[in-house]
Amino acid sequence: MKEFVEGSHAIAQIVQTCQPGVISAYPITPQTHIVEDLAQMVSSGELKSQFVNVESEHSAASVVLGGSAAGVRVYTATSSQGLFYMQEVVFNIAGMRLPVVMTCANRAISAPINIWNDQQDSISLRDAGWIQIYAEDNQEAVDFHLLAYRLAEDKRVMLPVMVCMDGFILTHGMETVDIPEQEKVNKFLPAYKPLYKLDPAEPISMGLLADPDYYMETRFAIQETMKESIGYLSEISAEFKAVFGRDYKDMLVEEYQTKDAEKVIVAMGSVCGTIKEAVDEQRAKGKKVGLLRIISFRPFPYARIYEALKHVPRIAVLDKAVSLGAYAPIAVEMKAAFYGKKNSPKVISSFVAGLGGRDITLESVEEIFRRLTAKEVNSDFIDLKPELLKEEYGK
Amino acid sequence: MENSPLFKHGHTACAGCGQAIAARLVIEAAGPNTIIANNTGCLEVFSTKYPETAWGVPWIHSLFENSAAVASGIEAALIYLGKKETTNVIAQGGDGSTGDIGLQALSGMLERGHDILYVCYDNEAYMNTGVQRSGLTPFDTNTTTSPSGARSSGNIRPKKPVPEICNAHGIPYVATASAGYPQDITRKVKKAISIKGPKYIQIHVPCPLGWRHETNQMLPVAKLAVETGLYPLFEYENGVLANRRQIVPKPVEEYLKSQGRFKHLLNNPEEIKKIQEIADSNIKKYNLKAEA
Amino acid sequence: MFGPLTVKPLESKGDKTGSWRTQVRPYYLHKDCIACKMCLLICPEGCVSGKEKNAFSVDYTFCKGCGVCADICPKKDIVMKPEEGEQK
């Protein structure tokens with residue numbers, strides 16, 4: 001049913017249709033509206049979940065870990081410092097192969113404290129063993145939660161999935177969203193049946209100590225599953241299309257005007273809406289530019305990206321995160337995707353924009369296209385304030 | 001051979017480990033319809049090194065400090081599944097994972113009112129990492145991070161009163177126990193699981209390695225802690241001191257000289273006096289002295 | 001590729017910790033036993049078994065020789081003896 005609704009409310013509604021048995025909640029901006037709505041639904045009886053108000057994000061993640069281990073579908077949401085505080089549990093959930101689904105309302109990392117959007121939080125947890133998918137708009141954010149549960153609970157996968165949506169821009173943005181009906185959801189997402197669980201009728205021990213004789217294979221298994229999941233994403237996406245009509249293709253990337261493009265920006269999340277607009281404007285002026293939007297950051301679709309962009313002479317990678325002291329996170333992956341390949345772009349330049357909620361405007365995108373010259377640049381910051389740099393930093 | 005099906009032999013605890021005894025007594029008292037969430041620590045390491053497990057009940061370990069939160073999730077899932085009425089949930093860990101790094105998760109679990117029994121196996125230091133002091137290490141104890149020396153007589157702070165902290169949460173049952181009194185552990189665990197809501201039991205468990213006593217001295221050492229008043233055994237029910245083990249107090253010196261961790265105090269009457277004052281204060285606070 | 005490390009209790013045989021004993025082992029005299037079961041209750045390994053008087057035994061495959069059973073026995077019916085020369 002189509003509704004003009006705030007992003008967070010739409011997410012709460014789709015989570016309701018997934019009927020998690022246990023929801024844990026801890027407030028952190030800009031995620032909080034989601035769990036507030038879920039609390040309302042539990043309070044009114046619309047949703048029959050156990051709603052656990054925890055004392056920290058560390059426990060928010062631990063509660064869903066325990067709930068999942070006990071054999072029920074679980075949900076929680078977080079942001080920024082909250083994600084960092086739960087980091088060791090986040091790694092733990094993946095290592096224990098528990099199909100937890102969590103929303104990350106992307107937000108900058110302190111210090112300085114900043115509640116606005118960038119993608120430093122989830123990107124910093126890229127090595128945790130979670131599948132990470134990034135939504136461009138709220139329709140995607142809603143649909144990706146359904147896809148996330150299907151993928152996580154797939155017996156071939158059994159890995160947690162983080163649905164990443166830009167904080168405020170999406171979570172607090174009002175859009176018309178088609179919220180899937182319960183009957184259709186039931187068709188797409190069957191009731192959760194765990195492969196194993198904590199049950200006195202059939203006791204097992206979970207979370208054991210693995211010494212050097214056993215540890216490494218556990219990591220290898222997750223790495224293999226990540227690679228295999230590239231195929232499962234497109235498989236599940238096709239089933240999603242059959243039930244709901246919306247087509248996310250392979251769920252790995254979206255190609256926008258890339259076929260004949262001479263310059264392509266690679267980006268992730270809501271900024272892609274702005275980039276598409278800039279691409280349209282430039283195309284209207286006869287400039288061959290395009291956008292490659294990454295949907296799945298983990299697993300990272302190297303082969304798919306290579307095929308999509310091998311003919312493009314110049315690529316600009318836009319990161320809304322930094323790896324301080326190194327190349328920006330997506331830029332690193334992009335360079336790796338083409339390393340040693342015969343056909344590859346002449347230039348892969350890397351730009352950092354939108355940190356701590358600084359607006360990425362049409363002008364920002366145009367500036368990136370302008371700076372995408374024959375001379376490769378790395379971690380080139382866009383929209384810095386020269387006067388501030390001079391006054392405060394003497395530069 | 002009839003061995004405990006719930007906590008089997010073949011685990012790799014040190015010989016004479018008080019925690020191994022207590023852990024077995026706890027799960028045998030709770031019975032097979034129990035799910036355990038265990039913090040990282042000695043107990044976790046020596047009972048579940050892949051591919052072995054000592055546990056005959058469903059058991060999970062996640063991290064050092066989160067068993068109370070993991071257990072909260074398990075309990076919530078059991079309620080959702082309609083199985084809580086027939087299943088006990090126990091969260092457990094050592095003194096460091098309970099009273100230091102895991103105190104917040106424990107407090108959250110107590111405050112939220114989950115129907116969970118938390119068991120703290122208190123051997124009074126971080127034994128798994130090599131005897132470093134914790135918040136529950138007693139005053140003047142020699143540990144690897146509170147060594148005695150020319151300018152120090154060991155751990156500078158008294159033991160953190162975790163049972164009192166738990167009791168302050170207004171939970172229905174808080175008790176202390178000791179490996180020196182095995183039947184008392186069984187009784188308290190059975191009582192705890194018969195009560196709905198959050199429960200806390202802290203069990204004093206000697207560690208021959210960290211306390212430096214002979215392995216066969218586990219029982220006498222544990223008993224001396226109780227008999228001197230240094231480890232009072234009591235039960236709070238709904239915030240009221242309902243029971244305590246009465247003693248004919250022995251001088252603390254008897255307890256101190258039984259272990260290497262207090263050896264540096266034996267020719268130091270001034271420090272022994274301070275420790276006697278701690279025991280006297282416990283004796284008074286919990287009214288431990290047996291009536292003549 | 002899915003295969004998290006979980007263990008079913010029945011599949012676990014445990015480590016044969018009896019090999020840790022280097023000095024002494026408990027010896028059950030079977031003279032004055034009153035079947036109070038304190039040895040069974042207190043064994044950190046849980047490797048003592050028995051029901052009737054003078055019929056308790058210890059599984060040396062797992063016994064680490066800590067001596068707690070000998071210490072707790074109210075009848076001194078368990079003694080610790082040197083490992084060497086002891087019959088199995």
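**Sheets, helices and a shared contact**

In this predicted model, a good place to begin is a single pair of residues: A:I133 has A:S296, in β13(A), as its bridge partner. The strands concerned are β6 (residues 131-134) of chain A and β13(A), which run antiparallel and are joined by 2 bridges. Both appear in an open sheet of 7 strands in chain A, whose order is β3-β2-β4-β5-β7-β6-β13 and whose pairing is mixed. At the edges of this sheet stand β3 (50-53) and β13 (296-298) of chain A, each of which pairs on one side only. From one strand to the next, the twist averages 20°.

Two helices can be followed across this part of the model. Helix α3 (residues 57-69) of chain A lies across β2 (22-25), β3 and β4 (74-78) of chain A, and runs at about 165° to β4(A). The other helix comes from the partner chain: α3(B) lies across β2 and β3 of chain A, at about 155° to β3(A).

A further open sheet in chain A has 6 strands, in the order β10-β12-β11-β14-β15-β16, again with mixed pairing. Its edges are β10 (253-256) and β16 (380-381) of chain A; each has a single partner strand, so one side of each is left without a neighbour in the sheet. Within the sheet, strand β11 (residues 263-267) and strand β14 (residues 314-319) of chain A pair in the parallel sense over 4 bridges. One residue pair to look for here is A:V266 with its bridge partner A:V317 in β14(A). Helix α12 (residues 329-338) of chain A lies across β11, β12 (289-294), β14 and β15 (347-352) of chain A, running at about 150° to β14(A).

Stepping back to the whole of chain A, the count is 14 helices and 16 strands. The radius of gyration of chain A is 21 Å, close to the 21 Å that the globule rule gives for 395 residues, so chain A is as compact as a globular protein of that length. The C-alpha trace of chain A spans about 65 × 50 × 50 Å along its principal axes. Of the 395 residues in chain A, 54% are buried. Sequence separation adds to the picture: among contacts in chain A between residues at least 6 apart in sequence, 80% join residues at least 24 apart.

The contact between the two chains takes 36 residues from chain A and 38 residues from chain B. On the chain B side, the elements that give two or more residues are β1 (34-38), β2 (59-61), α3 (67-81) and α5 (103-112) of chain B. Of these, α3(B) gives the most, with 12 residues. By type, the residues of this side of chain B divide into 22 nonpolar, 14 polar and 2 charged. Strand pairing also links the chains: strand β9 (residues 205-206) of chain A pairs with β2(B) in the parallel sense over 2 bridges. There, A:S205 stands opposite B:W59 in β2(B).

A final stop is B:V189, which lies in helix α7 (residues 182-194) of chain B. B:V189 counts as buried because 27 other C-beta atoms lie within 10 Å, where 20 or more are needed. Leaving aside neighbours within four places in sequence, B:V189 is in contact with B:V26, B:A29, B:A30 and B:I201. B:L25 and B:V189 are 164 residues apart along the chain, yet their C-alpha atoms are separated by 8.7 Å.

Technical notes
Residues are numbered from 1 along each chain as its sequence is written. Chains are lettered from A and ligands numbered from 1 in the order in which they are written. This is a predicted model: local features need pLDDT of at least 70, side-chain atom pairs count only at pLDDT 80 or more; totals for chains, interfaces and linings use all residues. Two residues are in contact if their C-beta atoms, placed from the backbone, lie within 7 Å. Ala, Val, Leu, Ile, Met, Phe, Trp, Tyr, Cys and Pro count as nonpolar, Asp, Glu, Lys and Arg as charged, and the others, Gly among them, as polar. Two strands pair if DSSP finds at least two bridges between them. The radius of gyration is taken over C-alpha atoms; the globule rule is 2.2 Å times the number of residues to the power 0.38. A residue is buried if 20 or more other C-beta atoms lie within 10 Å of its own, exposed if 12 or fewer, and partly exposed in between; C-beta atoms are placed from the backbone. Axes are lines fitted to C-alpha atoms, for helices over the stretch in contact, and angles run from 0 to 180 degrees between N-to-C directions.
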